[in-house]
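This report covers a nonpolar core, a helix that contributes to it, and a serine in a loop. The sequence and the model are shown below.

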Amino acid sequence: TNVDRETSWLKGQLVFDDEALGDIIAEMNRYSTRKIILADSRLAEHRLSGNFKPGDVHGFARMLRAGGVAVLKELPSGEIEIASVN
């Protein structure tokens, strides 16, 4: 276990290194009342790396859109649904 990575949330960041998007979303959702919903199971295994602010699911989702990974849909409930661009 990488202690720096595992405790990065204490420093105001979440660090991911070549991890599955489904796992990253689960971790991001732990720190926010506003949730991301993975609408396309094909995206769950997409690998990503990066540093993200805990609780900033909107910023994270916008990064997925800007990177061409996913399309976003903001639901009336406030949740953000992401789906494959294809």
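## Core, helix 2 and Ser32

In this predicted model, the largest nonpolar core has 18 residues, and those with the most contacts inside it are Leu21, Met28, Phe60, Leu64 and Ile82. Two or more residues of this core come from each of strand 1, helix 2, strand 3, helix 3 and strand 5.

The buried residues of helix 2 are Leu21, Ile24, Ile25, Met28 and Asn29. These residues lie on the same side of helix 2, because they cover an arc of only 135° around the axis. The face turned away from this buried side carries the exposed residues Asp23 and Arg30. Strand 2 is among the elements that cover the buried residues of helix 2; the cover also includes strand 1 (14–20), strand 3 (47–52), helix 3 (57–66) and strand 5 (80–84).

Ser32 sits in the loop between helix 2 (21–30) and strand 2 (36–38). Ser32 counts as buried because its relative accessibility is 11%, with the cut-off for buried being under 20%. A polar atom of the Ser32 side chain lies 2.8 Å from the backbone oxygen of Arg34.

The table gives the contacts of Met28 and Ser32, leaving aside residues within four places in sequence.

| Residue | Residues in contact |
|---|---|
| Met28 | Leu14, Phe16, Phe52, Lys53, Asp56, Val57, Phe60 |
| Ser32 | Gly55, Val57 |

Val57 is in contact with Met28 and also with Ser32.

Note on methods: Residues numbered from 1 in each chain as written. Predicted model: local features only at pLDDT ≥ 70, side-chain atom pairs only at ≥ 80, totals over all residues. Heavy atoms only, no water. Helix = DSSP H or I, 4+ residues; strand = E, 2+ residues; numbered from the N terminus. Buried < 20%, exposed > 50% of the residue type's maximum accessible area, 1.4 Å probe, protein only. Polar contact = N/O pair within 3.5 Å; in protein donor to acceptor, adjacent residues only side chain to side chain. Contact = heavy atoms within 4.5 Å. Arc of directions from axis to C-beta. Core = buried A, V, L, I, M, F, W, Y, C linked by side-chain atoms within 4.5 Å.
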